[in-house]
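Q: I am new to reading protein models. Can we go through the features one at a time?

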Amino acid sequence: MSSAADLAAIDGNPPNPAGLPTAYEHGNRLTPAGTSVDPILVEIVQGTLASVEMEVETAIGRTSRSPMIRDAHDFRAGIHDRQLRKLTGRSYSALVHPVVRDFPLADMRPGDVFFHNDVYESEGGIGHLPDLCITVPVFHEGEVVAFVQAFGHHDDIGGACPGSMPSGATSVFEEGLSVPPIKLWDAGVPNTAALRIMTRNSRMPESLAADLDAESSACLMGARRLAELFARYGRASVETAFDAILDHTTETYRREILSKIPAGTYVWEDYAEHDGVEAPRLHTQRITLTKTETGGPGDGPRLIIDFTGTAPQAKGPINHCGDYVGGNFLKKWLAPILRNLADTPERMAELDVNEGIVPLIEMRFPPKGTLLTPIYPAPTNARTFVILRLLGVLAGVVAKAVDGRMPADQETIRYTGVYGKDLDGNDYLMREVLGGGSGGRYYADGEDTIHVVPDSRNLPTEFTESRFPFIVERLGLAVDSGGAGRYRGGLGYEKHIRMLKDAHFMSIADRSILACWGLKGGQAGRPFEVTIDLGGPHERIIDALADAEPVTAGQIIRIRTTGGGGWGDPLERPYDDVERDLRWGKVSIEGARASYGVLASGNQHEIVIDTAGSDALRAQLRADRGPQPFFDRGPGYAQLCSTGDRANALDWL
């Protein structure tokens, strides 16, 4: 039997990194450049796309069953044209490329629903196996004209532990069921055999079946809505509007964003701290950013993002398959960071990230065998440690180019949860993606308890207490967790859960040693931490990567998520701002003294600042501290750095 690579060679096309044929057309314009377009129609089409995307997500949220999809909203929808270009910009989404690679457009029929979650055959669009992807083609006059897609994080698809994210996995085979692109529905008829295989492999078969049904039905509904758009205005007009939407994004980013980065080359790196298999160490992710004034669309500016210097692939599951389709997924994943260069925060919120940013960015990957170019079957379930860190690395390297006019660091995804038997003796699994604080900015403090995935949220206490055998005794802000700065980092969560029955706790989290870095004099935030049996005789801090930490009935689990890094010198923070933080309970009296040089007394309702004493203390702190690096990584870096230094050469300007 011929291998996929052999078939690719016979077909005359080079194999992609997964050894699969790449003989499918993608990324091209639908109409010739310069084609005239009605601007009113463009607005109508763009508004319709946004409306359909939101309607699809709303339908999924209302009809799905698992807490991760229905309540935490850890899923995304996206709309793509027949050249596989992402048209919507509200959030990132997966790719259509692997579906069209394996199923030619000419063979698709109305009512088809395609499914995949295979990390290595997803062209980089799926990062780990719990992310299941549904793709539905849109038809007009018998031909495929677009795609509606949804993908999200599901509770369990098999593997070595509940939740399908084993922290000690050394291959994808331990992480659950891998499904390459298949036809889940054929012309409106569900593939019951495939559905049975998937649900049979899941510890939560009923919720998985319900989620897949919800996502398939919602995408089919979205496809009908888009078909109505084509029927109303005609294929030529709608496709002209598609090109205009993407052209507008390209031009906007060229003019408003890339113009803010001086031409030149800039280098920075950051690290994941552990991989679940080996002892904690620095797993490097490096970006060399080059801004050129030519070489982009229309011979305009271009960004080159070179990942050379990234560490070898890890034995544990922190790898991410990024080197597919020229890094198409990573371009759209990283591009939102660039919006921070917009003239105002309001303008930043207006900027979409769709396929229009792709021509502006060139990505260069190191050879196979690194964190970003792993070799099958390297495990990937905790790849958030890499792709989240890359957001920060890009923010940091751009900050070096623009004198710090970027936000400090944040880490706003980690998975925690408990599982066991409920009060009726039935199996349960509760997982949550608690957010954290965002980084301080050159004009404002960071935001508290945010999540990088738009519209995602923590699980409602009323829901979890009614469904699972525990009580949420506290859910609030983690005091002093935000990095000190002229503009303080946002605060993370502090959550206390009291177990009513014996259970096991799980955690997939980074930034428990290495903190979210501060910028331009700002201090790092406080790291992630989980304490079991808080205040009890067996109180202990556990590792941030845990699959089955035992917890007995009556014990309290305390979860503290990361605070964002601070921006600017904390000794320059106005006394009024520190007083407000004290009154709001975001900073303690001890924290105000240690981090801001502010002497305060009283209680939360009546704070008194000793201005003269604070002036003297700040003067003494300035005299004692010595030169400061551009980036503050916190004390954890020295713990993992072989030389014990608090910064490396790239952290200084």
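A: Start with the surface. The model is predicted. I40 is exposed, because its relative accessible area is 58%, and exposed means over 50%. I40 sits in helix α2.

Q: Which residues make a nonpolar surface patch with I40?
A: I44 and Y233 join I40 there. The patch they make covers about 260 Å².

Q: Now charges. How many salt bridges does the structure hold?
A: The structure holds 58 salt bridges. To read one, look for a side-chain nitrogen of Lys or Arg within 4 Å of a carboxyl oxygen of Asp or Glu. Take D243 and R29: their side chains meet in a salt bridge, at 3.8 Å from N to O.

Q: Where in the chain do D243 and R29 lie?
A: They link distant parts of the chain, 214 residues apart. D243 is in helix α7, which covers residues 235-256. R29 is in the loop between α1 (4-11) and α2 (39-63).

Q: Is D243 buried or exposed?
A: D243 counts as buried, because its relative accessibility is 1%. The cut-off for buried is under 20%. Its partner R29 has 34%, so R29 counts as partly exposed.

Q: What is the N to O distance between R347 and E256?
A: The closest N and O atoms of this salt bridge are 2.8 Å apart. Once more, distant parts of the chain are linked. R347 is in helix α9 (residues 345-350), E256 is in helix α7, and 91 residues separate them. R347 counts as partly exposed because its relative accessibility is 24%. E256 has 16%, so E256 counts as buried.

Q: Which residues share a salt-bridge network with R347 and E256?
A: E251, R254, R255 and E350 belong to that network. Salt bridges that share partners join these residues with E256 and R347.

Q: Can you give me one more salt bridge to practise on?
A: Try R540 and E549. Their closest N and O atoms are 3.0 Å apart. R540 is at 26% relative accessibility, so R540 counts as partly exposed.

Q: On to strands. In what order do the 4 strands of the open sheet run?
A: Trace them from one side to the other: β12-β11-β15-β19. The pairing is antiparallel.

Q: Why is one side of β12 and of β19 left without a neighbour in the sheet?
A: Both stand at the edges, and each has a single partner strand, so one side stays without a neighbour. β12 covers 427-432, and β19 covers 545-551. The twist from one strand to the next averages 15°.

Q: How many bridges join β11 to β15?
A: 6 bridges join these antiparallel strands. β11 holds residues 415-421, and β15 holds residues 503-508. Pick out V418: its bridge partner in β15 is F505.

Q: Last topic: rings. How many aromatic pairs does the structure hold?
A: The structure holds 16 aromatic pairs. Read two values for a pair: the distance between ring centres and the angle between planes. For W517 and F631, the centres are 5.3 Å apart and the planes are at 85°, so the pair is edge-to-face. Planes over 60 degrees apart count as edge-to-face.

Q: Where do W517 and F631 lie in the chain?
A: W517 is in the loop between β15 and β16 (518-519). F631 is in strand β23, residues 631-632. The two are 114 residues apart, and the pair links distant parts of the chain. Both W517 and F631 are buried.

Q: Which residues form a cluster with W517 and F631 through ring pairs?
A: W268 and F630. Ring pairs link these two with W517 and F631.

Note on methods
Residues numbered from 1 in each chain as written. Predicted model: local features only at pLDDT ≥ 70, side-chain atom pairs only at ≥ 80, totals over all residues. Heavy atoms only, no water. Buried < 20%, exposed > 50% of the residue type's maximum accessible area, 1.4 Å probe, protein only. Patch = residues over 30% accessible without salt bridge, like charges linked within 9 Å, V, L, I, M, F, W, Y side chains within 5 Å. Areas by Shrake-Rupley, 256 points an atom, 1.4 Å probe, with all protein chains shown as cover. Pairing = 2+ DSSP bridges. Axes fitted to C-alpha atoms, helices over the stretch in contact; angles between N-to-C directions. Phe/Tyr/Trp six-rings, centres within 6.5 Å; stacked < 30°, edge-to-face > 60°.
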